[in-house]
Amino acid sequence: MNSLVTPIKRETLVVIGNGMVGHHCVEQLIAHGALAHYQIHVFGEEHQRAYDRVHLSEYFGGRDAESLALCEADFYAVSGVHLHLGMQVQEIDRERKEIVTTQGRIPYDCLVLATGSYPFVPPIPGAEGNSRLVYRTLSDLDSIRAAARTARRGVVVGGGLLGLEAANALKSLGLEAHVVEFAPRLMPVQLDADGGEALRQRIEALGVGVHLSRATQEIVPGDEYAYRMNFQDGEFLETDLIVFSAGIRPQDALGRSAGLDIAPRGGVVVDNTCRTSDPCIFAIGECASWNGSIFGLVAPGYTMARNVALQLAGKPYEPFTGADMSTKLKLLGVDVGSIGDAHAATPGAKSYRFIDEATSSYRRLVVSPDGKRVIGAVLVGDNSYYDTLLQYAQNGIKLPQDPSSLILPLSDGAPILGADALPDTATICSCHNVNKGAICCQVDQGCTDLGELKAATKAGTGCGGCSALLKQVFEHELSARGVAVDKSLCEHFAHTRQELYGIVRVEGIQTFEELLAKHGRGHVGCDICKPAVGSILASCWNQPITDPLLIPLQDTNDTFMANMQKNGTYSIVPRIAGGEITPDKLIALGEVAKKYDLYTKITGGQRIDLFGAQLHQLPDIWGELIEAGFETGHAYGKSLRTVKSCVGSTWCRYGVQDSVGMALYLENRYKGLRSPHKIKFAVSGCTRECAEAQSKDVGVIATDKGWNLYVAGNGGMRPRHAELFATDLDDETLVRYIDRFLMFYVRTADKLQRTSVWRESLEGGLHYLKDVIINDSLGLAAELESQMQLVVDRYECEWANALNDPEKLKRFRTFVNDGRGDPDIHFVKERGQRRPATHSELHLIPVTEEAL
Amino acid sequence: MSQTTTALIQTEPTHAVTWRALCHRRDLVANSGVVAWLDGYQVALFHLPQVDDHEKVFAIENKDPKSGANVIGRGIVGTLKGELVVASPLYKQHFRLKDGACLEYPEQRLRVWPARLQGDTVEIGLDS
Ligand SMILES: Cc1cc2nc3c(=O)[nH]c(=O)nc-3n(C[C@H](O)[C@H](O)[C@H](O)COP(=O)(O)OP(=O)(O)OC[C@H]3O[C@@H](n4cnc5c(N)ncnc54)[C@H](O)[C@@H]3O)c2cc1C
């Protein structure tokens, strides 16, 4: 070290607020090397590190706080940023340049306010406790959940964007939901009168009560429900809880008390560089007021955050010049979009409208006085027009001959704005400010994978609204460069798994050879297409996989109906449905394990795995197991594995339904179903959830009224909480929904795609899936059910089938011309059982010793 | 590694061999593999009833060089870029049936033997 060089003292930068925008600012500071100039302290009043508020509602759909977090738990520490959570900043002492918390004072050289906003609650007498809930933070949602536990009906005050989202949340908690709005229409900010009306009809059709032009005067105790809301017109509405969503107010208290300039309608005043009236203090996100406006969306906040981070890092930056407030949402499953001047407030603006009263769809296109450009739009019912309209509006693209074609039903051959028509400057992802040029640049650098593109540019990782457009642009750019966007299964089939599934079904194809001859290339296939087709054939027709024509298709595990382990021996897992086993069967298992000296271990799926059998031993072992009443457990197949259960109401004092009975029923119904990947179930007898159903592909949790169904969860490498799919189902409906869900998955998933990844890849997400399964929007339900019934009816234990056929048993020989076992398999004893010898242990084994 | 085209051992032998009976045709499984014992060697036999309108049998070493386990005979046969291959069931790397070369890892190579069907007898060619 050179002692002559005195290190430059780093200045202190304090960020107040660890919300979405504050976090983005820190991320950008780190990315642009600002840590070389500053040591950074971040203060957050909430106890969780920054999380994705935009997707807050998914907290009710099964996601937990951790999965909503915007960064890894150690991100701040690893980057060298000091994060103080659960700590409110109480004061800014501008004279001494210090901030004050309950823990003391910290000096700053530079300060960033990112304190966001808070929900506005009108001063209504009687609003307190469960009649004064709000919808902004994780802890707000905890309060709502707690209040909902004993409630039947819930009311949201405020029919704007967030109010409707809150109403949806109440619905998902099983409450009867109502929306009370002061204005004469829903979403008054974004929609015009006709748009609001179309939305109201759609939402009422979903069973949500809509009460317009209602001002709540007071809240008093109710007769039938906990509270009564009295309206100005003498009407009233009773409810058990009230969520206020009547708008947000910028959280500018710190700025006010520190004497910073505050805008007339609230918010800390900032200029084009996001600086407040004190040049050492910046304000970004929803607490900042620019040109008299606050921006209640995440994208403008991110733009401000980038602007400030670049300045502080001493890099060139673009001034903040306002933001586009266009939004595209799905509220209660209804598409709603609003672009630019939705109310045609621009003098001389002209409108085109399309109204379809039959489906309550509405579209309005607002064009400039000269009729050349799009300046605004309103969409209700179908957002597929949104991307195109937004690009027209944002890039000033010249309108087509007949502008109305942009909002008329697409079957009329509307000119869709292809990805090629977009200029390089067209913003694709506004959250992360990624334009088409940046995407082209990645493609030029050789990126051919959408996941990679997202990682490199962050496009599509904010609110996610641009996913479809992003994919379209990406694929267009790839094709434009001659890169085939290859969706082929492998070199033998230029089809996706889904397409092959359709072909097999429609043409009634029963063998791989037939499919290859009619639709593939070559005569042999490969280790990609053979198992994939094997699985499709099994899903469709459920013929025994031991049939001679099917055998060569299977992976070794399916071929030998056991799981190959690293030394070439197999493990055996008999089915123990629901984890329930009689003492006699348990003893029988133990006896078989002892006789064949099999290493024995209990699995995570509540069954027993027996390891170390050689190929030629499998038929003998299975003969004894079948004798004792066991059947195959399909642990080797891409198929239903187990239905885990807790003991439920039969034994448990908390249980409300017979979870074991249901688990047994489900396991016996779906055993043997071949699918794109393995499937795991669990059934819990009460909300304590001892069976961990929310980590399964299909999770069932008992309620006092029936069963709640969760789908598409996953443990493993990439854990994902299952999402609440339907509530309080009776046995029959539960099974019907599961039939449809599984068969729809089997039909549409990619090869080796778990339900979780499949679900995430579904355009339209959970709402779409519910539409298909519950509302039968594709008219498929009956077909899916009957296809499942065929599979159920054809079930046969594969091992019993094989044992009855000497031809099939021929394969279970270690050597076809010699009775010995594999001499290279060696075991050693550990903790009273045998296990494969390691390489180093092998050298200790005398060469004369043969297989055990 | 230099590409050698001359040293490839075809199913049809390129030099004088002694044929030896290993097993019966009915021991084979069409489009799939079985394993035979040959004086301490383990030989995986793959039966392809129809490649380019010919019936073929391939004999290839059963030991997977990556895991050390004797499992090659239980792999899936297929074609990759027109070459017949078997995929190891453990780590899925591919070996060419005609010469045992590994497509992914050139340092892994399996021994191969000439093989043929004489009537219903499966024969393997040994260097004489
Ligand atoms: C349910 C819901 C759905 C939404 N959906 C969308 C959407 O679809 N699209 C969209 O663009 N936007 C949406 N938004 C809005 C979006 O979440 C906000 O625009 C964004 O979170 C603003 O970020 P921010 O950092 O400015 O504020 P916040 O995320 O609110 O963060 C501010 C943080 O500062 C903390 N704080 C405040 N005062 C202090 C203090 N004195 N000391 C320490 N910490 C303090 C707060 O506790 C908070 O954690 C939604 C919001 C909600 C609630």
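Here is a walk through the model, from chain A as a whole to the ligand and then to one residue of chain B.

First, some ground rules: this is a predicted model, where local features need pLDDT of at least 70 and side-chain atom pairs count only at pLDDT 80 or more, while totals for chains, interfaces and linings use all residues. Residues are numbered from 1 along each chain as its sequence is written, chains are lettered from A and ligands numbered from 1 in the order in which they are written, and side-chain values use heavy atoms, with hydrogens and water left out.

Let's start with chain A. Its pLDDT (the predictor's confidence in each residue, from 0 to 100) averages 89, and 96% of the residues score at least 70. Residues 1-6 of chain A stay under 50, and the model gives them 0 contacts (heavy atoms within 4.5 Å) beyond four places in sequence. Residues 844-852 of chain A are also below 50, but that stretch has 10 contacts beyond near neighbours in sequence.

Chain A holds 26 helices and 38 strands; these are DSSP runs numbered from the N terminus, with H or I and at least four residues for a helix, E and at least two for a strand. Of its 852 residues, 54% are buried, meaning under 20% relative accessible area (over 50% is exposed, in between is partly exposed; 1.4 Å probe, protein chains only).

Now the ligand. It is surrounded by 30 residues, each with a heavy atom within 4 Å of it, and the closest are Val21(A), Glu46(A), Arg53(A), Arg136(A) and Glu286(A). By type, the shell splits into 14 nonpolar, 10 polar and 6 charged residues; nonpolar covers Ala, Val, Leu, Ile, Met, Phe, Trp, Tyr, Cys and Pro, charged covers Asp, Glu, Lys and Arg, and the others, Gly among them, are polar. H1(A) gives the largest share of the shell, 3 residues.

Where do oxygen atoms of the ligand meet polar atoms? One is 2.6 Å from a side-chain N or O atom of Arg136(A). A polar side-chain atom of Arg53(A) sits 2.9 Å from a ligand oxygen, and for Val21(A) a polar backbone atom is 2.9 Å from one.

Finally, chain B. Asp27(B) is in the loop between strand S1 (17-24) and strand S2 (32-38) of that chain. Is Asp27(B) buried or exposed? Its relative accessibility is 12%, so Asp27(B) counts as buried. Beyond four places in sequence, Asp27(B) is in contact with Arg813(A), Val816(A) and Val34(B).

Methods:
A polar contact is a pair of N or O atoms within 3.5 Å; within protein, one must be able to donate a hydrogen and the other to accept it, and residues adjacent in sequence count only if both atoms are side-chain atoms.
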